[in-house]
Amino acid sequence: MNEIDYDKNGKKEGVGKLNDIYALMDALMMSPDSGYIKKSRKRWTDVRKKFIDKVAKRSTPVTVVKSFDRDEGCPRIEQHLSLANFQQLMDRFSTTPGSPSQRRRGLIWAKNNIGSKRIANNTEVNDISKKPGQMTRREFKRTLIELLGTHKFNRQLDEIFSKVDVSCDGLVDWEDFCTYTLLQYQELDYERHNRESPFIGKPKFFSDPRMNKEVIIRILYISNSNRYATVSKDGTIGVWGVDLELVQCLQLSPTSNDEVKKKLNLWVTDAVYMKNINKLAISTTSRDLYFLDTTTTTLMKQFHLFDLPSVPLCLDYWFDPLIFDARSLLIYGDDIGNVTFLYFNKPHVALFDDPAQIRRDRTCQVFAKDIDRQSEFVQMQVLTDVHKDWVRRIKYLPAHTSIVSCSSNGKDSLVVRDIDKKKKPYVFRVTKGIDCFDVSLLWNIIATGSSDAVRLWNPYVTNKPVAVLKGHQLAVIDVVIYEDQGLVFSFAKEETLRIWCIKEHYCLHSINLKFPLDARLPDHFSHVFLLQVSPLNTLLITCSDVIAEMKMQNSHQGGARVRNVVTHSRPLCGALYNKRLNQVIVGCTNSLVSVWDFESGQRIIQFSTAHDQEELAYMTLDADEKRLLNASRNGSITVWNFTNGHCLHRLEPATTDEITGVVDIAERNCFISVGWSKRIVVYEKDLTSFHIDPSLEWKGGQLHKVIQIILPSYK
């Protein structure tokens with residue numbers, strides 16, 4: 001049995017940067033040069049030790065850290081920070097001056113004045129309380145822009161500063177930044193390398209000597225008989241049970257003397273299963289198309305379409321499952337770059353006209369040039385010059401009435417074109433061409449494989465891929481998208497199966513498949529994958545005449561479909577949109593708050609705001625959209641930094657009645673809350689205190705006849 005080798009290179013890349021940061025911290029604590037770092041050595045040592053102990057004890061991460069942006073044009077800033085950048089940033093922090101004239105009286109002034117009308121915003125407080133080694137938002141952004149030499153991370157720097165600024169006072173220091181960075185890389189490393197494999201157990205290998213040891217061109221699932229069918233290069237057709245035991249083996253061509261000579265030129269190029277009529281279509285290099293009936297005990301050749309104008313190299317079939325008697329479509333790409341459509345008007349009656357009514361044990365021969373006379377049953381349409389080279393693979397998209405095809409030519413590697421030629425085609429270019437692809441309308445991507453890498457494309461953006469997934473040592477043979485779990489499987493000539501995450505764009509697992517070939521060199525064709533989901537949940541991979549079976553977990557157990565339906569286990573009580581960070585904040589009745597990125601739809605952070613086991617009743621943002629205010633059914637209100645899940649203040653309840661509305665009055669520097677108590681409660685802002693007491697200076701009494709009062713958002 002083969003061994004499963006995981007992607008060690010990818011793991012080293014993630015862990016390496018984390019170890020670099022650890023090493024830098026240790027070096028800084030031993031350095032006698034920096035006065036600022038010297039003063040905080042003991043404090044940093046304690047923080048680092050507590051952080052490592054906390055991570056070591058945790059079995060699952062509490063916080064879901066935002067994943068990297070996949071757009072190659074705007075990658076995450078964390079990917080560009082090197083060890084030298086950290087060293088330079090540390091020096092900038094250590095040399096950042098404070099406010100000497102105000103530092104001596106800053107704390108006293110703030111204590112006497114915070115909460116009064118004299119402070120209009122955080123800028124004045126920052127100017128007063130700024131110490132050496134601290135940076136404001138403007139200084140932090142300017143410093144990193146200078147270090148990286150680019151302005152393209154401007155929005156990300158705002159986001160990072162909000163996360164580093166735990167206390168929301170508008171100031172950060174080197175220690176805060178290092179703590180954030182360690183948590184960021186630790187959580188990222190956990191998410192990347194502790195995700196469960198979609199496979200159960202190790203792969204199993206199956207082969208049979210009756211298959212003549214010829215390379216398998218295509219493996220298909222025959223649904224009407226619950227069997228597999230393999231088609232080899234020499235025309236050998238194998239019928240396998242679901243346990244992959246060979247049930248039947250037969251030759252495509254007859255064994256008559258006249259046909260033996262013709263068989264010497266036979267080379268199967270592709271095969272496809274016609275599910276609605278239970279037939280198997282096989283193409284050969286002899287410019288033939290064979291149609292076999294799969295309803296019989298032994299596969300019988302019903303029709304033989306010969307003398308085609310070109311060699312069919314790849315096939316695809318489509319039918320409308322909602323209309324029984326609708327016409328179906330067989331598509332093939334050829335060796336001169338054309339795409340041909342065969343429309344079968346009466347597929348359930350007959351594919352071709354058979355005037356002689358040949359017996360079931362005979363094959364109906366159809367001359368390709370006579371198809372025009374059989375318009376009642378079949379019609380042919382040809383799209384010329386789709387590619388300048390061989391068409392390697394083709395797929396029909398019924399939702400757009402278009403086709404997707406690829407070739408090894410660098411000028412038209414992948415083409416998306418509508419059948420009616422009413423729209424301009426989308427042409428994707430890769431220098432070395434594209435050998436295989438798969439399309440997912442659910443994820444809106446096209447996964448392609450070529451000699452250098454796996455690429456993910458937006459179907460409407462042709463100038464560059466969304467991601468380039470490198471890791472294979474040799475050319476990629478086949479790719480397939482597993483939509484239920486958001487994965488891409490790729491197989492290369494070095495016999496390595498890689499599992500890529502569509503969202504994160506990295507390799508989850510790398511499995512080295514050691515096929516038992518008895519000292520023979522491995523041989524592959526373009527189609528090596530057969531992904532069969534529920535109820536079989538199996539991935540089959542072919543190499544030469546050997547089939548590898550890999551059992552997968554049930555897609556419902558993986559949670560992918562449940563995830564698309566619900567995001568919380570309890571009812572939601574509110575949702576807010578943060579225009580400053582372009583994020584959506586959602587609150588659940590079990591006091592669980594989740595922050596989602598609006599553009600990517602990914603959860604950035606999730607934290608609990610439990611109010612003594614009370615349900616969350618109301619939530620809103622402050623006037624600056626920097627803090628989140630949550631109110632519960634027992635009258636308590638908490639103020640949070642929602643970018644990192646840190647609780648800033650607790651507004652003590654005036655009564656035990658439910659809060660139904662909270663508003664931030666920036667001009668008065670206070671919060672106002674209302675609820676079922678029929679009272680208007682005022683909380684004066686005090687940045688130096690965690691607990692803030694209520695004030696009932698607004699007298700209303702029984703003037704508020706309405707029990708539930710909801711304040712609109714203050715403008």
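# Exercises on burial, salt bridges and strand pairing

With a relative accessible area of 29%, Asp 452 is partly exposed. The structure is a predicted model, and the exercises below refer to that model.

**Exercise 1.** Determine how the burial class of Asp 452 follows from its relative accessible area, and compare the class of its salt-bridge partner.

*Solution.*
Step 1. Buried means under 20% relative accessible area and exposed means over 50%, with partly exposed in between.
Step 2. Asp 452 has a value of 29% and is therefore partly exposed.
Step 3. The salt-bridge partner of Asp 452 is Arg 455, and their closest N and O atoms are 2.9 Å apart.
Step 4. Arg 455 has a relative accessibility of 12%, which means that this residue counts as buried.
Step 5. The salt bridge thus joins Asp 452 and Arg 455, of which Asp 452 is partly exposed and Arg 455 is buried.

**Exercise 2.** State which elements are tied together by the salt bridge between Asp 478 and Arg 393, and whether these two residues are buried or exposed.

*Solution.*
Step 1. The closest N and O atoms of Asp 478 and Arg 393 are 2.7 Å apart. The cut-off for a salt bridge is 4 Å, between a side-chain nitrogen of Lys or Arg and a carboxyl oxygen of Asp or Glu.
Step 2. Asp 478 belongs to strand E25 (residues 476-482) and Arg 393 to strand E17 (residues 393-397), so the pair ties together parts that are 85 residues apart in sequence.
Step 3. Asp 478 and Arg 393 are both buried.
Step 4. Further salt bridges include that of Arg 650 with Glu 652, where the closest N and O atoms are 3.8 Å apart, and a network that links Arg 137, Lys 141 and Asp 158. The count in the model comes to 16 salt bridges.

**Exercise 3.** Describe the surroundings of strand E34 (residues 592-597), beginning with its burial and continuing with its partner strands.

*Solution.*
Step 1. Of the 6 residues of E34, 5 are buried, so this strand is largely enclosed by the rest of the structure.
Step 2. Strand E33 (residues 583-588) pairs with E34 in the antiparallel sense over 5 bridges. Within this pairing, Ile 585 has Val 595 of E34 as its bridge partner.
Step 3. The hairpin of E33 and E34 has 3 residues between the strands, and Ser 591 takes a positive phi near 65° in this hairpin.
Step 4. E34 is also joined to strand E35 (residues 603-608) by 5 bridges, and these two strands run antiparallel.
Step 5. Leu 592 is found in E34 and stands opposite Ser 608 in E35. Its relative accessible area is 22%, so Leu 592 is partly exposed.
Step 6. Beyond its neighbours within four places in sequence, Leu 592 is in contact with Val 586, Gly 587, Gln 606, Phe 607 and Ser 608. The C-alpha atoms of Leu 592 and Leu 572 are 9.3 Å apart in space, with the two positions 20 residues apart in numbering.

**Exercise 4.** Establish the strand order of the open sheet that contains E3, and identify which strands stand at its edges.

*Solution.*
Step 1. This open sheet has 4 strands in the order E3-E31-E30-E29, with antiparallel pairing.
Step 2. Strand E3 (199-206) and strand E29 (529-532) each have a single partner strand and stand at the edges, so one side of each is left without a neighbour in the sheet.
Step 3. On average, neighbouring strands of this sheet are turned by 15° against each other, direction ignored.
Step 4. Strand E30 (residues 538-543) and strand E31 (residues 546-552) run antiparallel and are joined by 6 bridges. Cys 543 has Val 546 in E31 as its bridge partner.

**Exercise 5.** Contrast the burial of helix H8 (residues 154-164) with the surface patch that contains Val 461.

*Solution.*
Step 1. In H8, 8 of the 11 residues are buried, so the helix is largely enclosed by the rest of the structure.
Step 2. Among the buried residues of H8 are Leu 157, Ile 160, Phe 161 and Val 164, but also Glu 159 and Lys 163.
Step 3. On the surface, Val 461 forms a nonpolar patch with Tyr 426 and Tyr 460, and together these residues have about 270 Å² of accessible area.
Step 4. Val 461 is located in the loop between strand E23 (454-457) and strand E24 (467-469). Its relative accessibility is 33%, so Val 461 counts as partly exposed.

**Exercise 6.** Summarise the protein as a whole by its elements, burial and contacts.

*Solution.*
Step 1. The protein has 11 helices and 43 strands.
Step 2. Of its 715 residues, 53% are buried.
Step 3. Among contacts with a separation of 6 or more, 54% are between residues 24 or more positions apart.
Step 4. The accessible surface comes to about 34,200 Å², and carbon and sulfur atoms account for 51% of it.

Definitions and conventions:
Residues are numbered from 1 along each chain as its sequence is written. This is a predicted model: local features need pLDDT of at least 70, side-chain atom pairs count only at pLDDT 80 or more; totals for chains, interfaces and linings use all residues. Side-chain values use heavy atoms; hydrogens and water are left out. Patches are made of residues with over 30% relative accessible area and no salt bridge: like charges are joined within 9 Å, nonpolar side chains (Val, Leu, Ile, Met, Phe, Trp, Tyr) within 5 Å. Accessible areas come from the Shrake-Rupley method with a 1.4 Å probe; for residues, only the protein chains shown count as cover. Buried means under 20% relative accessible area, exposed over 50%, partly exposed in between (1.4 Å probe, protein chains only). Two strands pair if DSSP finds at least two bridges between them. Contact means heavy atoms within 4.5 Å. Axes are lines fitted to C-alpha atoms, for helices over the stretch in contact, and angles run from 0 to 180 degrees between N-to-C directions.
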